[in-house]
Amino acid sequence: MGESDDLNVAGGMGELTHSGIVVEYSWANDSGLSYSTDYYVCINGLSDDPLQLCVLVDFENLEPYTSYFRLESSGIPPAGWVVNPLDLGWTYFHGGTSVSFPVTRSNPSSIAQGESIEQIKLAVRGYADYELTDLRSQRNFTVTYHFIDRMSSVWAILEKDTFDASTEAWTGPSLSVSPKYYLSSPYSLKSRVGTLSQGWSYSKSFQINYSMAYLICPIISNNGFSSINIDGKPCFAVTSGAEEEWCQLTIPLGRGSTTVSIFGFPTSDIPGDHGLAYMDDVFLIAK
Ligand SMILES: [Ca+2]
């Protein structure tokens with residue numbers, strides 16, 4: 001028996017930025033990644049209000065002494081946002097950590113212009129004392145969120161893949177339609193998922209004759225998603241997404257011919273282990 005459910009936010013990517021005091025960046029440092037502090041969220045069908053978002057931040061203490069660090073807003077957030085501080089604890093010279101910084105934003109019911117771009121200003125601050133009163137270093141950075149309403153009339157719908165009649169030209173080592181989960185009855189597209197080296201993935205090629213496009217992919221999996229490759233290059237990392245819940249990836253694409261591949265995490269640390277994922281009601285919108 002199939003299950004249908006609302007969606008959760010997933011997706012986004014991070015950027016590498018530098019500071020003489022504190023280095024923070026928000027995603028993997030693999031060569032070939034396209035760094036950006038932009039995150040993308042398609043608002044349609046999401047179950048959460050407010051939206052539970054997270055900013056991936058890695059930081060390193062480059063000052064030659066131990067400080068106590070806090071990650072917090074460095075300005076008044078835009079309307080609808082809640083940005084609470086997160087204490088990171090003390091860190092030695094060259095010590096650091098990676099955190100998923102939770103922030104929330106009220107879920108926009110619609111966006112007439114199709115896309116709303118909002119920025120939140122954050123700071124990692126280093127203090128000499130654990131009471132966090134003696135500030136001695138600070139690094140500011142800005143994160144940009146793109147909220148996309150695919151129902152807006154500004155978008156041309158280039159593709160809608162329901163998988164109810166076929167695999168819709170998606171390819172992968174182990175793809176088939178399945179009734180176990182779906183958003184549109186009776187089928188979704190099932191894949192095994194595993195590590196990049198195992199090669200389990202969803203892939204499809206698109207020809208986009210528009211200046212901008214978004215590929216919106218709701219997926220439910222018993223693990224998560226590690227990487228989104230575009231034309232063979234890892235370009236986006238998924239920042240959130242719960243196991244066993246529908247998660248909606250939103251992937252920005254540009255003009256031209258593009259192949260998108262979505263890879264999963266292994267289900268455990270056991271080499272060769274793999275899980276299953278189900279994708280349904282994929283949209284490609286453009287303007
Ligand atoms: Ca379907």
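Where is the place of aspartate 231? To find out, select aspartate 231 in this predicted model, and you will see that it sits in the loop between β16 (225-230) and β17 (233-236). Its phi is near 50°, a positive value in a residue other than glycine. Most residues other than glycine have a negative phi, and most peptide bonds are trans, so this tour visits exceptions of both kinds. Before leaving, look at the surroundings: aspartate 231 counts as exposed because it has 12 C-beta neighbours inside 10 Å, and a residue is called exposed when that number is 12 or fewer.

Next, select glutamate 168, which you will find in the loop between β11 (156-161) and β12. Here too the residue is not a glycine and phi is positive, with a value near 55°. Is glutamate 168 exposed or partly exposed? Because 17 other C-beta atoms lie within 10 Å, glutamate 168 is partly exposed.

Now turn to the peptide bonds, and select serine 185 together with proline 186, which are joined by a cis peptide bond whose omega is about 5°. Proline 186 belongs to the loop between β12 (176-178) and β13 (188-193), so β12 borders both this loop and the one that holds glutamate 168.

For the last stop, select aspartate 49 and proline 50, and follow the backbone from the aspartate to the proline, where the peptide bond is cis and omega is near 5°. Proline 50 is located in the loop that runs between β3 (38-42) and β4 (51-61).

Definitions and conventions
Residues numbered from 1 in each chain as written. Predicted model: local features only at pLDDT ≥ 70, side-chain atom pairs only at ≥ 80, totals over all residues. Helix = DSSP H or I, 4+ residues; strand = E, 2+ residues; numbered from the N terminus. Buried ≥ 20, exposed ≤ 12 C-beta atoms within 10 Å, placed from the backbone.
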